Amino acid sequence: MDAEKIRAICMSFPQVTEHMIWGNDLTFKVAGKMFAHTVLEPAPVWLSFKTSTEHFHELTRSEER
């Protein structure tokens, strides 16, 4: 997935704004609060989402099959 596809997905949500921060990084916000962040230059981590501790564990747990 490239930055333009990430941008299209994030911008499809209501009331989203995009901001260039920390040099060449793209951040998406709703009501002034960041919910997603991507780097525009190659890096080990290229997409991050902001979530609560409770939701982090829910979103990252792996289901046993």
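A residue is called buried here when its relative accessible area is under 20%, exposed when that area is over 50%, and partly exposed in between. With that scale in mind, begin with the whole chain selected: this is a predicted model, and of the 65 residues of the chain, 18% count as buried.

**The whole chain**

Colour the chain by secondary structure, and two helices and four strands should appear, following the pattern α-β-β-β-β-α as the sequence is read. Then switch the colouring to confidence, where the mean pLDDT of the chain is 80 and 85% of its residues reach 70 or more. Confidence is highest in β1, at 90, and lowest in strand β4 (residues 47-49), where the mean is 73, a value to keep in view when the tour arrives at β4.

**The sheet**

Select the four strands next. They form an open sheet in the order β1-β2-β3-β4, with antiparallel pairing, and its edge strands are β1 and β4, each of which pairs on one side only. Looking across this sheet, neighbouring strands are turned by 20 degrees against each other on average, with direction ignored.

Narrow the selection to β1 (16-21) and β2 (25-30), which run antiparallel and are joined by six bridges. To find one of these contacts, select H19, whose bridge partner in β2 is T27. The hairpin of β1 and β2 has three residues between the strands, and in this hairpin W22 takes a positive phi near 45 degrees.

At the other side of the sheet, select β3 and β4, which pair in the antiparallel sense over three bridges. Here T38 is a useful residue to select, since its bridge partner in β4 is L47; the mean confidence of β4, at 73, is the lowest in the chain.

**Two positive phi values in loops**

Go now to the loop between α1 and β1, where Q15 is placed. Its phi is near 60 degrees, a positive value in a residue other than glycine, and at 67% relative accessibility Q15 counts as exposed. For a second case, select A31 in the loop between β2 and β3. The phi of A31 is near 55 degrees, again positive in a residue other than glycine, and with a relative accessible area of 72% A31 is exposed.

**The salt bridge**

Which side chains meet in a salt bridge? Display E18 and R7, whose side chains meet at 2.7 Å, N to O; a search of the whole structure finds one salt bridge. The pair links distant parts of the chain, with E18 in strand β1 and R7 in helix α1, 11 residues apart. E18 is partly exposed, with a relative accessible area of 31%, and R7, at 31% relative accessibility, counts as partly exposed too.

**The aromatic cluster**

Select F13, F28 and F35 together, which form one aromatic cluster and which can be examined one ring pair at a time, the count being two aromatic pairs. The rings of F13 and F35 have their centres 6.2 Å apart and their planes at 85 degrees, so this pair is edge-to-face, given that an angle over 60 degrees is the criterion for that class. F13 lies in the loop between α1 (3-11) and β1, whereas F35 lies in strand β3 (residues 33-39), and the pair thus links parts of the chain 22 residues apart.

The rings of F28 and F35 have their centres 6.5 Å apart and their planes at 45 degrees, so this second pair is tilted. Are the residues of this tilted pair buried or exposed? Both F28 and F35 are buried, while F13, at 43% relative accessibility, counts as partly exposed.

**The nonpolar core**

Keep F28 and F35 selected and add I6, C10, V16, L26 and A36: these seven residues make up the largest nonpolar core. Colouring this core by element shows where it comes from, for α1, β2 and β3 are the elements that give two or more residues to it. As a last view, add F13 to the display again, so that the cluster it forms with F28 and F35 can be seen together with the core residues, F28 and F35 among them.

Note on methods:
Residues are numbered from 1 along each chain as its sequence is written. Side-chain values use heavy atoms; hydrogens and water are left out. Rings of Phe, Tyr and Trp (its six-membered ring) pair if their centres lie within 6.5 Å; planes under 30 degrees apart count as stacked, over 60 as edge-to-face and the rest as tilted. Buried means under 20% relative accessible area, exposed over 50%, partly exposed in between (1.4 Å probe, protein chains only). pLDDT is the predictor's confidence in each residue, from 0 to 100. A salt bridge is a side-chain nitrogen of Lys or Arg within 4 Å of a carboxyl oxygen of Asp or Glu. Two strands pair if DSSP finds at least two bridges between them. Axes are lines fitted to C-alpha atoms, for helices over the stretch in contact, and angles run from 0 to 180 degrees between N-to-C directions. A nonpolar core is a set of buried Ala, Val, Leu, Ile, Met, Phe, Trp, Tyr and Cys residues joined through side-chain atoms within 4.5 Å.
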